[in-house]
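Visitor: I'd like to learn how to read helix packing and sheets in a model. Could you walk me through them?

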Amino acid sequence: TSAADSANTMIKADLELLMAGTVAGTVDASLISQWVTLDDDLAVTLDEGALTAWVDELAAACNTIGTQRTYTRPDGKSVTVVGGTYGWEVDKDSLLALVKDGVANGTADTVDIPCTQTGDAYNGAGSQDWGPRYMDVDLSEQHARFYDASGAIIWESDIITGKPDGEHDTPTGVYMVNAKESPSKLIGQMKPETGEPEYQTEVKAWMPFVDNYIGFHDADWQPAFGDSRYKSGYGSHGCVNLPVGSAADLFGIIQSGDVVVCHW
């Protein structure tokens, strides 16, 4: 009788799990009944392995960092992008504890899924999970566009990106601007044969989005921008090269935390 009472308390639990207001999972009697186990002494417990596997599966379905995402740019172009460091990541340990506690107490509630990292929006796996304000870096067009919160272009420029040699390519993916500095000295990786950095370059505006080594900056040494110059001997070491005036304008409006999407 005691075991039945404990089990019946557990299956009363009804948890609606949300990601940014969107229902991403439900814990109810039909699911909980698969986890309830009785040991030899009729003590009621939850199958830890089955519960952990379910949490792992839900997290994998909700996580977006580095995943493939397809979206439509304001000008109508359909884009698919993979990679990056921006997005949502479920805190699996906290989610496991939340579900175990909720089930043990027969809780009926709507709760947010705990995350170690969140985004600006959530539209399910494979969809745009950032807001309308973002920087779109089109590597195939060699053109960058910065959209405001209404989806209007507030800045755009032809660009030169990394040399397509497998070593200096501009990485694709979804990132965030993580700093701003003016002026700044860009220092390349050390050359083992000389012990000297690959380059040391002074720039007026530096706006990194991949750690502190890939970002937007002015490039007064480039005679022109756009077209296919990036693969005709003018490609960068991975950064997004900008005309001096365009870089100065961008520095004035872009902020740390703004999303950057680099794609082909």
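Visitor: At roughly what angle do the axes of helix H3 and helix H4 cross?

Guide: Keep in mind that this is a predicted model. Helix H3 covers residues 48-62 and helix H4 covers residues 92-104; their axes come within 10 Å and cross at roughly 125°. An angle over 115 but not over 145 degrees counts as oblique, so H3 is oblique to H4.

Visitor: Which hand does the crossing of H3 and H4 have?

Guide: The crossing of H3 and H4 is right-handed.

Visitor: Which residues in H3 and H4 meet?

Guide: From H3 come Glu48, Leu51, Thr52, Trp54, Val55, Asp56, Leu58 and Ala59; they meet Lys92, Leu95, Leu96, Val99 and Lys100 in H4. By character, the contact of H3 with H4 divides into 8 nonpolar, 1 polar and 4 charged residues.

Visitor: Now to sheets. How do strands of a sheet pair?

Guide: Strands pair through backbone hydrogen bonds, and the sense is either parallel or antiparallel. Here, one open sheet has 3 strands in the order S2-S1-S8, with mixed pairing. Strand S2 (22-27) and strand S8 (108-112) stand at the edges with a single partner strand each, so one side of each has no neighbour in the sheet. From one strand to the next, the twist averages 25°.

Visitor: Over how many bridges do S1 and S2 pair?

Guide: Strand S1, residues 14-19, pairs with S2 in the antiparallel sense over 5 bridges. As an example, leucine 17 has glycine 25 in S2 as its bridge partner. Helix H3 packs on this sheet, where H3 touches S1 and S2, and the direction of H3 makes about 170° with that of S2.

Visitor: Which strands does H4 lie across?

Guide: H4 lies across S1, S2 and S8, and runs at about 155° to S1.

Visitor: What is the order of the strands in the open sheet that contains S17?

Guide: The order is S16-S17-S18, 3 strands in an open sheet with mixed pairing. Its edge strands are S16 (206-210) and S18 (240-242), each of which pairs on one side only. Ignoring direction, neighbouring strands in this sheet are turned by 15° against each other on average.

Visitor: In which sense do S16 and S17 pair?

Guide: S16 and strand S17 (residues 214-218) pair in the antiparallel sense, over 4 bridges. To find your way in the viewer, look for methionine 207, which stands opposite phenylalanine 216 in S17.

Terms used: Residues are numbered from 1 along each chain as its sequence is written. This is a predicted model: local features need pLDDT of at least 70, side-chain atom pairs count only at pLDDT 80 or more; totals for chains, interfaces and linings use all residues. Side-chain values use heavy atoms; hydrogens and water are left out. Two strands pair if DSSP finds at least two bridges between them. Helices (H or I, at least four residues) and strands (E, at least two) are DSSP runs, numbered from the N terminus. Axes are lines fitted to C-alpha atoms, for helices over the stretch in contact, and angles run from 0 to 180 degrees between N-to-C directions. Angles under 35 degrees count as roughly parallel, over 145 as roughly antiparallel, 65 to 115 as roughly perpendicular and the rest as oblique. A crossing is left-handed if the near helix is turned anticlockwise from the far one by less than a right angle, and right-handed if clockwise. Contact means heavy atoms within 4.5 Å. Ala, Val, Leu, Ile, Met, Phe, Trp, Tyr, Cys and Pro count as nonpolar, Asp, Glu, Lys and Arg as charged, and the others, Gly among them, as polar.
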